[in-house]
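Please open the model in your viewer and keep the selection panel at hand. The stops below are meant to be followed in order.

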Amino acid sequence: MKNYLIELFNTAQAKLLYLSEIDLTFSVPSQSNHGDYATNAAMILSKKLKRNPKEIANEIIANLDFDKKVIEKIEIAGPGFINFYFTSSYNSQIVKDVLHEKENFGKSKKSAGKKAMVEFISANPTGPLTVGHGRNAVVGDTVANMLEWIGYSVDREYYFNNAGRQMRVLGDSVRMRYLELLGQNIQFPDDYYQGEYIKEIAVKLKIEYGDKLIDEDAEGKFKQAAEEEIFADIIKTMERIKIRMKNFYNENTLYEKGKIKALLDEFKKKNLSYEKDEAVWLKLTELGNDMDKVIVKATGEPTYRLPDIAYHITKYDRKYDLMIDLFGSDHSATYPDVLAGLHALGYDTNKMKVLIHQFVTIMEKGEVVKMSTRKANYITLDELVDEVGSDVVRYFFNMRSITSHLNFDLDLAKKQSDENPVFYLQYAHARISSILRMTKDEGLNSSLENLELLITKEEQNLLKKLYEFPHDVIFSAENYETNRITSYLEELAALFHRFYTECRIIGSEKKLAEARIALCIAVQTVIKNGLSILGVNAPEKM
RNA sequence: GCGCCCAUAGCUCAAUUGGAUAGAGCAACAGCCUUCUAAGCUGUAGGUUAGUGGUUCGAGUCCACUUGGGCGUACCA
């Protein structure tokens with residue numbers, strides 16, 4: 001439908017040159033009596049041309065060479081909207097496209113040939129993934145999926161650091177728990193990692209080595225074991241929610257390959273850094289930011305900014321057309337420095353897109369649980385998956401805009417799980433499977449021969465919704481908005497359930513019944529495709 | 001103090017990026033199963049879009065200020 005309008009207007013541009021001067025948009029009006037699609041082109045042009053919008057609208061319509069079999073009528077309404085009404089027989093043809101393209105319906109080649117990288121999670125191996133990481137993980141993976149759907153070749157990458165103070169403390173935390181197990185009286189510091197998992201790692205070490213590690217350094221076996229155990233757990237958790245990285249990038253590599261030193265020299269050479277109080281500062285003020293920041297401490301150790309910039313340079317070296325960073329709002333202060341640094345070195349920062357998601361607040365028994373990895377006061381992503389399952393977790397994190405806080409009421413999520421919208425969608429999918437089983441027993445088959453018989457309001461609404469899917473996927477992907485997909489699917493499922501209530505298959509005249517079966521398959525296909533973008537299962541039975 | 005994000009129905013959130021009469025789901029109330037899955041459908045009720053001004057054909061959306069919240073504001077990441 002939309003594609004037809006776009007072509008129609010492209011043709012008309014030859015006669016009405018002003019049409020090429022504006023961004024044409026076609027939208028589905030919120031009210032059905034305003035047509036199937038509408039455009040505000042005449043109103044936008046009215047400002048430019050200083051003419052009456054209705055007059056312009058009339059002129060546009062007069063120059064649209066449309067097929068009566070496709071468009072039933074065109075009206076001018078309100079302040080100058082042009083409303084298009086499509087014929088029901090044209091609408092029904094979408095079923096052919098869906099059944100023909102199957103699992104590919106909704107994919108496009110819009111960004112074919114382009115390479116994208118989505119960097120997400122990127123948690124250092126100091127503890128299990130929490131619910132907060134869960135939002136990052138799910139949204140990052142889904143954004144990657146959406147980009148693949150519009151043609152990008154996408155690499156998922158996890159950036160981590162297993163050096164530095166954090167990891168030393170982690171190793172020492174394990175060491176102390178180990179010594180405790182050997183019967184020593186230990187004062188475990190408050191600012192050490194308090195979690196149970198530390199004790200578990202210590203237990204494993206004791207089983208394996210007995211008391212042989214009693215004089216071992218914190219940064220030796222203890223740190224190494226902790227990192228390995230924790231990373232293995234993180235990967236296991238990721239797999240439970242269907243996330244697989246292409247690459248894990250260790251910050252250490254940057255040092256080993258001399259990239260940190262090279263970058264430092266580059267900044268110095270370009271006169272972008274200076275020394276003060278025995279530290280090296282980046283001239284961020286000159287680059288438009290609020291204040292200069294330290295990139296190498298007086299101790300000689302770089303701050304995170306330097307490796308972060310060096311890391312992003314490796315992304316540019318790897319020739320990505322689009323680089324996405326996703327992190328929580330607690331890291332929102334870091335990226336302007338990184339972008340400014342890259343920009344100053346001549347990198348095209350338009351190729352980078354930084355997505356910031358707001359916090360996940362966990363409510364339990366009506367109270368907010370304050371989360372801290374250090375204090376082990378958190379709910380792990382694993383526990384969440386145990387409670388509600390991967391599908392609910394993925395759907396829940398995808399269903400809200402990343403700009404809004406996500407209020408996760410654990411008690412509600414547990415007991416309410418069969419009222420969750422994800423079940424509404426899965427139910428629609430399973431219901432169609434059931435219909436297909438039943439109708440097959442009745443000797444009815446899907447047929448594309450008489451689709452024009454699909455004329456009831458319920459059928460037509462469903463058909464029009466199917467047309468929107470590919471456009472919604474593009475829109476969602478280009479705006480990195482996973483919640484558009486969930487709303488689309490909820491609307492589609494609602495239209496299907498209404499159709500189900502009003503339109504019977506078994507008992508209808510054969511031609512109509514078989515056209516309806518085709519429609520059901522089309523709806524089921526789109527639900528399945530949409531759920532697969534979200535990483536949610538589409539069950540045959542429930 | 002300064003910067004970023006946010007404030008929409010009792011609760012959790014949408015609103016095609018400036019469009020026509022602001023929509024869903026929970027929760028509440030009233031209905032619908034001898035017929036393809038009632039995890040469903042139909043209806044009722046619920047709003048000064050935090051507030052005040054401004055920009056224009058048109059504002060929940062953009063701008064300014066005010067109020068209230070979250071996150072930052074390190075020689076931690």
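The tour goes from the domains to the sheets and then to the RNA.

Keep in mind throughout that this is a predicted model. Begin by colouring chain A by domain, with domain 1 covering 2–86, domain 2 made of 92–111 + 420–534, domain 3 of 119–158 + 243–355, and domain 4 of 159–242 + 358–417. The centres of domain 1 and domain 2, taken over C-alpha atoms, are separated by 28 Å.

Next, select residues 71–77, strand β3, together with β4, and you will see an antiparallel pair held over 6 bridges. One of the residues to label here is Ile76, whose bridge partner in β4 is Ile82. The hairpin that these strands form has 3 residues between them, and in this hairpin Gly78 takes a positive phi near 55°.

Now select the open sheet of 5 strands, whose order is β7-β6-β5-β11-β12 and whose pairing is parallel. Its edges are β7 (247–250) and β12 (352–357), and because each has a single partner strand, one side of each is left without a neighbour in the sheet. From one strand to the next, the twist averages 25°. Within this sheet, β6 (residues 153–160) is joined to β7 by 4 bridges in the parallel sense, and Tyr159 has Tyr249 as its bridge partner in β7. If you add residues 218–240, you will find helix α9 lying across β6 and β7, at about 150° to β6.

Move on to the open sheet of 3 strands, in which β8, β9 and β10 follow one another in that order with antiparallel pairing. The edge strands are β8 (273–276) and β10 (293–296), each of which pairs on one side only, and the twist from one strand to the next averages 45°. Between β8 and β9 (residues 279–282) there are 4 bridges, and Lys276 has Ala279 as its bridge partner in β9. Two helices should be displayed with this sheet: α11 (residues 259–269) packs on it and touches β8, β9 and β10, its direction making about 130° with that of β10, whereas α12 (residues 305–317) touches β9 and β10, with a corresponding angle to β10 of about 75°.

Which residues come nearest to RNA strand B? Of the 63 residues around the strand, these are Lys297, Tyr427, Arg431, Ser434 and Glu481. By class, the residues of this surface divide into 25 nonpolar, 23 polar and 15 charged. Among the elements that each supply at least two residues to the surface are α2 (41–49), β9 and β15 (406–409), while α17 gives the most, with 8 residues.

On the RNA side, 56% of the strand B atoms within 4 Å of the protein belong to sugar or phosphate, and the rest belong to bases. Three individual contacts repay a closer view. An N or O atom in the side chain of Gln31 is 2.9 Å from a base nitrogen of RNA strand B, a backbone N or O atom of Ser401 lies 2.9 Å from a phosphate oxygen of the strand, and a polar backbone atom of Met542 is 3.3 Å from a base oxygen.

Finish at Pro539, in the segment after α20 (510–534). Leaving aside its neighbours within four places in sequence, Pro539 is in contact with Gln426, His429 and Ala430.

How values were computed
Residues numbered from 1 in each chain as written. Chains lettered and ligands numbered in written order. Predicted model: local features only at pLDDT ≥ 70, side-chain atom pairs only at ≥ 80, totals over all residues. Heavy atoms only, no water. Pairing = 2+ DSSP bridges. Axes fitted to C-alpha atoms, helices over the stretch in contact; angles between N-to-C directions. Contact = heavy atoms within 4.5 Å. Near = heavy atom within 4 Å. Polar contact = N/O pair within 3.5 Å; in protein donor to acceptor, adjacent residues only side chain to side chain. Nonpolar A, V, L, I, M, F, W, Y, C, P; charged D, E, K, R; others polar. Domains from an automatic or database assignment.
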